[in-house]
Amino acid sequence: MDKIELKNLLFLARIGAKEEDYPKIIEKLKTTFGMIDQMNELDLDHLEPLNNPLELTNVSRTDSEHNRNNKKEFLASSPKSDENFFVVPRIVE
Amino acid sequence: MNFKDIRESFRNKEISAKELTQDSLDKAKKLSNLNAFISTFDKDALKKAQHIDNNFNDYKVLALGGVPIAHKDIFCTKGRRTTCASKILENFTPPYESTVTSNCHQAGSIMIGKTNMDEFAMGSSNETSFFGPVINPWGDSLVPGGSSGGSAACVAADITSLATGTDTGGSIRQPAALCGITGLKPTYGLVSRWGMIAFCSSMDQAGPFARDAFGCAALLDAMASYDAKDSTSAKRDKVKYEDALRNDFGKLKIGVLKGIDQLGISEEVLKAYDNSKIVLEKLGHTFVELDFSELSSGICSYYVIAPAECSSNLSRFDGVKFGHRSDSSNISDLYLQTRSEGFGEEVRKRILIGTYVLSAGFYDAYYRKAQKVRRMMKSKFDEFFKTVDLVFLPTTLDQAFEMNRKSSDPNRMYKEDLLTIPANLAGLPAISFPNGLANKLPIGAQFVGNYFSEDLLLNITHKIQEVSDWHKIIP
């Protein structure tokens with residue numbers, strides 16, 4: 001992994017980092033991938049990937065009507081809101 | 001006092017719920033140096049205790065009636081702060097209650113507080129918490145294990161007799177072993193994940209901590225339920241785990257691993273393990289040697305799948321709808337700065353690993369391959385359970401270690417989970433219990449069972465604890 005790859009990765013993950021810290025981050029990631037790469041020694045061609053240990057399929061709930069108005073409760077958890085909306089910095093110029 | 005004695009004393013009116021609660025709150029304060037709690041709720045707890053005492057006849061019949069409990073701060077509690085030990089949720093008060101805590105409230109327990117943990121359950125030493133590390137009650141400079149370190153320390157120090165935890169790669173069993181108590185990771189799907197802050201959804205599973213299997217059985221009775229709000233909840237007939245402690249499962253065939261002494265396990269842990277095998281033999285059980293040479297590849301698979309799911313699950317923390325928000329004049333910087341300020345180093349690292357292994361070009365090389373290793377692990381256990389009833393192995397490679405000793409070497413820290421991760425990858429239940437003491441520190445061993453065999457796991461641990469005293473030793 002080089003600095004450009006890391007910069008892209010940080011952007012994808014929406015994580016900020018100072019450029020001076022890039023070598024340290026790359027080193028740490030390389031160490032972990034060094035461990036992970038031991039998987040390459042295994043013969044896995046004949047195996048199907050496993051997503052979920054119980055191999056469950058999607059469960060859907062029955063459609064039911066309810067009149068639950070908990071807007072206020074959820075807006076109360078927001079760092080910034082007005083009466084009806086979450087407030088964020090201007091998106092459209 | 002252990003859970004059984006506490007409940008008995010309450011039921012016999014020898015002690016009131018209020019006295020029990022006050023005692024737990026006093027101990028929590030006295031032992032605040034352990035940093036086991038992120039929040040305590042003195043007033044609410046005493047109010048509930050008073051309510052229970054006023055309605056004694058309704059509560060004396062409940063599984064956890066009148067018993068103080070501590071919950072890992074990963075479970076959302078309505079109207080009470082839930083932080084997941086992260087700065088990003090430092091001031092978050094959920095508008096809803098998790099199914100686990102709700103079930104425990106309904107079973108008559110009294111929540112005295114929320115326990116410290118590794119940030120977002122990512123860690124094996126409780127050193128990644130934004131609220132500082134938890135200290136192991138067995139030694140001031142020792143880690144309690146993680147990620148449910150606060151819950152384990154709380155029970156080990158006798159602050160409460162019960163606590164909840166979650167286990168994604170060993171986060172109940174490893175701290176149970178390092179703190180000298182009993183902890184159970186149930187089958188994936190047995191306990192609802194609703195309201196439990198997600199780290200790795202396909203492996204996260206909540207479970208009980210107690211001094212012994214009896215306490216774990218009673219708490220699991222309360223925690224386990226089918227929940228339509230969790231799409232991976234298992235719909236099954238309700239089992240009474242406490243009653244199952246009295247069952248006779250007969251003579252069991254127990255699987256032990258060939259070449260276990262080649263895995264880097266300490267001499268002390270191996271000695272305790274061998275001693276436990278003697279106890280099991282005396283109880284009439286027999287051993288079958290199993291070849292599990294693939295065991296160590298579990299770590300590789302786990303450290304791809306868990307970060308992948310973590311990067312997806314933690315994308316919801318953007319500073320808009322809840323949690324910490326940084327002051328930024330545009331939305332892009334708001335996301336970036338909020339997440340950089342709000343997440344600790346280990347969490348940021350795992351998000352980066354997860355984003356990398358899920359990105360185009362690397363998906364097949366990492367994520368898909370890790371899922372195949374996961375299949376291999378599950379197939380291996382499926383094969384084992386054709387010939388044995390249980391698999392028996394140590395819980396950890398070593399005993400509680402010094403703070404900062406492994407945090408500077410992440411791969412060494414990740415290896416902490418070597419013996420616990422396979423059960424998580426396969427979704428199997430496993431129980432860790434104290435089975436020795438060396439250098440004045442506890443040691444743990446674990447049984448891994450087939451799917452939904454918690455009754456058997458609790459039963460055999462209970463039988464061992466009837467003829468041994470390791471679980472009774474308090475630091």
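In which helix of chain B is B:N313 found? The answer is helix α11, which spans residues 297–313 of chain B. In this predicted model, B:N313 is partly exposed, because 18 other C-beta atoms lie within 10 Å, and a residue counts as buried if there are 20 or more. Leaving aside residues up to four places away in sequence, B:N313 touches B:A198, B:F199 and B:S201. B:T396 offers another point of reference: B:N313 and B:T396 are separated by 83 residues in sequence and by 28 Å in space, from C-alpha to C-alpha.

From this residue, the description can turn to the sheet of chain B. Here 11 strands form an open sheet of mixed pairing, and a reader can follow them in the order β1-β3-β2-β4-β6-β5-β10-β11-β9-β7-β8. The edges of this sheet are β1 and β8 (286–290) of chain B, each of which pairs on one side only. On average, and with direction ignored, neighbouring strands are turned by 30° against each other.

Strand β3(B), residues 110–115, is a helpful place to begin looking at the pairing. It is mostly covered, with six of its six residues buried. Strand β1(B), residues 37–40, runs antiparallel to β3(B) and is joined to it by three bridges; in this pair, B:T40 stands opposite B:G113. Strand β2(B), residues 68–72, is instead parallel to β3(B), and five bridges join the two. Within that pairing, B:I69 has B:M111 of β3(B) as its bridge partner. Elsewhere in the sheet, β4(B) and β6(B) run antiparallel and are joined by five bridges, with B:A163 partnered by B:F209 in β6(B).

Helices accompany these strands. Helix α2(B), residues 17–30, packs on the sheet and touches β1, β2 and β3 of chain B, its direction making about 15° with that of β3(B). Helix α17(B), residues 454–466, lies across β5 (182–185), β9 (390–394), β10 (430–438) and β11 (441–449) of chain B, and runs at about 20° to β10(B).

Helix α5(B), residues 99–106, joins the picture through a right-handed β-α-β unit that it makes with β2(B) and β3(B). Why is α5(B) described as largely enclosed by the rest of the structure? Six of its eight residues are buried, so the surrounding structure encloses most of the helix. The buried residues are B:T99, B:V100, B:T101, B:S102, B:N103 and B:C104. They pack against β2, β3, β4 (162–166), β6 (206–210) and α8 (213–223) of chain B. After α5(B) comes B:G108, which has a positive phi, near 95°.

Chain B also meets chain A, with 39 residues of chain A in contact with 56 residues of chain B. On the side of chain A that touches chain B, the elements giving two or more residues are α1 (3–13), α2 (22–36) and α3 (71–76) of chain A. Of these, α2(A) gives the most, with six residues. The residues on this side of chain A divide into 23 nonpolar, 10 polar and six charged.

As for confidence, chain A has an average pLDDT of 90, and 100% of its residues score at least 70. Confidence in chain A is highest in α1(A), at a mean of 95, and lowest in α3(A), at 88.

Terms used:
Residues are numbered from 1 along each chain as its sequence is written. Chains are lettered from A and ligands numbered from 1 in the order in which they are written. This is a predicted model: local features need pLDDT of at least 70, side-chain atom pairs count only at pLDDT 80 or more; totals for chains, interfaces and linings use all residues. A residue is buried if 20 or more other C-beta atoms lie within 10 Å of its own, exposed if 12 or fewer, and partly exposed in between; C-beta atoms are placed from the backbone. Helices (H or I, at least four residues) and strands (E, at least two) are DSSP runs, numbered from the N terminus. Two strands pair if DSSP finds at least two bridges between them. A crossover is right-handed if, with the strands pointing away from the viewer, the path from the first strand over the helix to the second runs clockwise. Two residues are in contact if their C-beta atoms, placed from the backbone, lie within 7 Å. Ala, Val, Leu, Ile, Met, Phe, Trp, Tyr, Cys and Pro count as nonpolar, Asp, Glu, Lys and Arg as charged, and the others, Gly among them, as polar. pLDDT is the predictor's confidence in each residue, from 0 to 100. Axes are lines fitted to C-alpha atoms, for helices over the stretch in contact, and angles run from 0 to 180 degrees between N-to-C directions.
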